[in-house]
Amino acid sequence: QQIQENLNKQLLDNLVSFLSRSHSDFQEKTTEWTCRMKFREIPTAALVLGVNVTDHDLTFRGLSDVLQDNITPYVALLEAKDCPGIKNLMQKLMGQLMKCDIDVDSLEDEDCVQVSQNRIRCSMPSLINWYDSVTKKTDSETPSKKRNSSSRHWQSPPVVVIFKDMESFTTKVLQDFIVISSQHIHELPLVLIFGIATSPMIIHRVLPHSVSSLLCIELFQSLSCKEHLSTIIDKLLLTSRFPFKLGEKVLQVLINIFLYHDFSVQNFIKGFQLCIVEHFYSQPLSVLCCHVADIKKRVYSLSHGQCENIRRLPSFRRYVEKQESGKQIELLTNDSFLKEETEKLLEDLHVYHENYVRILRCLHVFTSSLPKYPLGKQIRELHCACLENRVWETEEYESSLQLARMLNKTDLVTMLQQCVEILMSSSGKEFDRAVEKLKEFLTQFQNLEAEASQERDVSVSPQKELQKKTDLYHLQKTLLELKESRRSKKLTKFEMLRFEVVDYIDSLVRRYLVPADERTLHEIVYFNAAAVLRGHLNAAPRTALHTALNNPHWYLKNQALRCDGGGISNKAPDICIVYKLHLECGRLINLVDWLEAFSTVVMAAEEPNADAASSDQVDDVIHARFIRAVSELELLGFIKPSKQKTDHVARLTWGGC
């Protein structure tokens, strides 16, 4: 929430500034406002938020809170689903402004709202009269109360109407409201805010020129959802503040859902929360996923069973295999020795995370400044590449190094300065040697300028000698020397230094950016169950539907519905019985045969009744139940009426799920 508030702060400040200008024009009755009033223009903010509609609610709530805290108490949030007509819109608008609950269904045939035992007609003159009354009441308060209220709100505060989903409103509703409001703009300081998901041009597509000309529109653009996501990952995942981490495959699942489904940061955060819940629910050793200060206390409180769980971890087994035989026996048999070693390993894992983040940021400084982006431009792409495997063994990394070896001096100096700042922000002394080395490189770059001018003078001397030699022998000899020197051209000092810098950064990458799954006890803090997460987030409706109809016990948890051996329980819901019977049929299903089979299953547990009708007649209740179940199957898309035979239906689904 703090990150999202910081990201939206600039946007909200710009909107407040826009409202301030509009309001000052109204309050001071300046020439600009007089001209606007003459042309009946309404101040309008077109707020382009992007296609990530699920994130808009948070932005609008934040905007509403800022406006109500600092500018005006009169803010209304309108949605298209609540405003099918102009009457509904006015009811919703006045209901929110007057702080009273409106039941639109109950007011379907009425045009009034109930406010403090009084019924007020929902119209613009009524809204203006109400606004005048509340503003005059504020002006007539005692000076102390007036001073307190004016510290929060402006004098004669504007009425802000926010259309959350402007594209979804019908054209007629918007036209009518804008035309009516423009006729009263000199009496009511109205300001409109349009929430736009697509493009500002939608205003001119929805509204004709005669209506859009009544709006004085200013455009506001929110931060793109991709930049928003990158900031979230940077502040939440690439930090040592939080011990819980996402594995590469899990992070890739969340990012793919974001990029290819909804662009919703809120859904990404919900997926992240789901990973936390799943990890602490399914991992018995998640109690050790804690801050470094709590590691010792939690490790020494482990039971013998939890120690055995540690010994079963694949990464710990690999660690034990690398130890000498005496230590192996202690680790596998002595719980006290195991706890001491676990504490040390978890502290090392915490240090690894801190170092990993620092060097990852340094590498990103280099890769993001290259003319091409073999490892991706965003730090999240680089993070995924480092988690997946040893990044220095990939072709993309080699391409990045080749491009880095062609950078100019200015870019290299800037990158080194940024890396020094990143490494100096570390609290420990791990990178003191690296900082000294990078500062040494910076000093060498500063000393290169004078040496470069000397090298230029030296390179000119062979040309001067060439001009001095006049005889053919010396001329030929000098030309051969020049040709040989060009063929075996030595690297300049700058090029050599540039190679040293790139090689040193490469050595840091190889040392600190080892994939997390190569670290011992990484299973305790990393959530890697990508298949579980995908099952939760990626809907498989056909599979779920087949499971529900074929095995209702799976969802209803009723033991009476459990049926082994492929049988059909007569206690199952009717649609489940009909569905399992239809699986036994071919392409065309005879409705009469289907009904008889259904009746046989339903009446299987009932006692035979001597007074019942003959066996060729089916009870009307069972017949009705069958018709309803078949209709539900048709609605779900499993069958359809057949044109070949009137008493048959065609089956539409085949194969197992």
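## A negative patch

Asp432, Glu436, Glu440 and Glu500 form a negative patch on the surface. This is a predicted model. Helix H21, which covers residues 432-468, gives the patch its largest share: three residues. Glu500 sits in another named element, helix H23 (residues 493-512).

How exposed is Glu500? Its relative accessible area is 39%, so Glu500 counts as partly exposed. Patch residues need over 30% relative accessible area and no salt bridge.

## The chain as a whole

The chain has 657 residues, and 42% of them count as buried. It holds 30 helices and twelve strands. About 36,500 Å² of the chain is exposed, with carbon and sulfur atoms supplying 51% of that area.

How many of the contacts join residues at least 24 apart? Among contacts between residues at least 6 apart in sequence, the share is 72%.

## A nonpolar patch

Trp554, Tyr555 and Leu556 make a nonpolar patch on the surface. The patch measures about 370 Å². Trp554 belongs to helix H27, which spans residues 553-556. Trp554 has a relative accessible area of 51%, so this residue is exposed.

## A buried acid without a salt bridge

Glu343 lies in helix H17, residues 335-367. Glu343 is buried, yet it has no salt bridge. Why is there none? The nearest side chain of opposite charge is Lys296, at 5.0 Å. A salt bridge requires a side-chain nitrogen of Lys or Arg within 4 Å of a carboxyl oxygen, so this pair does not qualify.

Which residues does Glu343 touch, leaving aside neighbours within four places in sequence? Its contacts are Ile295, Lys296, Val299 and Tyr300. Lys296 is thus in contact with Glu343, but the two form no salt bridge.

## Salt bridges

The chain has 16 salt bridges. One of them joins the side chains of Arg311 and Glu308, with N and O 2.8 Å apart. Both residues lie in helix H14 (residues 304-312). They are three residues apart, about one turn of the helix. Is each partner buried or exposed? Arg311 is buried, with a relative accessible area of 7%. Glu308 is partly exposed, at 24%.

Arg390 takes part in a salt bridge with Glu393, where the closest N and O atoms are 3.7 Å apart. Arg390 also pairs with Glu518, and here the closest N and O atoms are 3.2 Å apart. Glu518 lies in the loop between H23 and helix H24 (522-525). Arg390 lies in the loop between helix H18 (379-388) and helix H19 (395-404). The pair therefore ties together parts that are 128 residues apart in sequence. Glu518 is partly exposed, with a relative accessible area of 37%. Elsewhere, salt bridges that share partners join Asp57, Glu79 and Lys164 into one network.

The exposure of the Arg390 group can be listed residue by residue. Arg390 is partly exposed, with a relative accessible area of 36%. Glu393 is exposed, at 58%.

## Loop residues

Ser427 is in the loop between helix H20 (409-424) and H21. Ser427 is exposed, with a relative accessible area of 69%. How far is Ser427 from Glu354 in sequence and in space? The two are 73 residues apart in sequence and 9.5 Å apart in space, C-alpha to C-alpha.

Two other loop residues have a positive phi. Phe263 is not a glycine, yet its phi is about 55°. Phe263 is found in the loop between helix H11 (248-262) and helix H12 (265-282). Its relative accessible area is 24%, so Phe263 is partly exposed. Leu521, also a residue other than glycine, has a positive phi near 70°. Leu521 is in the loop between H23 and H24. Is Leu521 buried or exposed? Leu521 is buried, with a relative accessible area of 0%.

Terms used:
Residues numbered from 1 in each chain as written. Predicted model: local features only at pLDDT ≥ 70, side-chain atom pairs only at ≥ 80, totals over all residues. Heavy atoms only, no water. Patch = residues over 30% accessible without salt bridge, like charges linked within 9 Å, V, L, I, M, F, W, Y side chains within 5 Å. Areas by Shrake-Rupley, 256 points an atom, 1.4 Å probe, with all protein chains shown as cover. Lys, Arg positive; Asp, Glu negative; His and termini not counted. Charge placed at Lys NZ, Arg CZ, Asp CG, Glu CD. Helix = DSSP H or I, 4+ residues; strand = E, 2+ residues; numbered from the N terminus. Buried < 20%, exposed > 50% of the residue type's maximum accessible area, 1.4 Å probe, protein only. Contact = heavy atoms within 4.5 Å.
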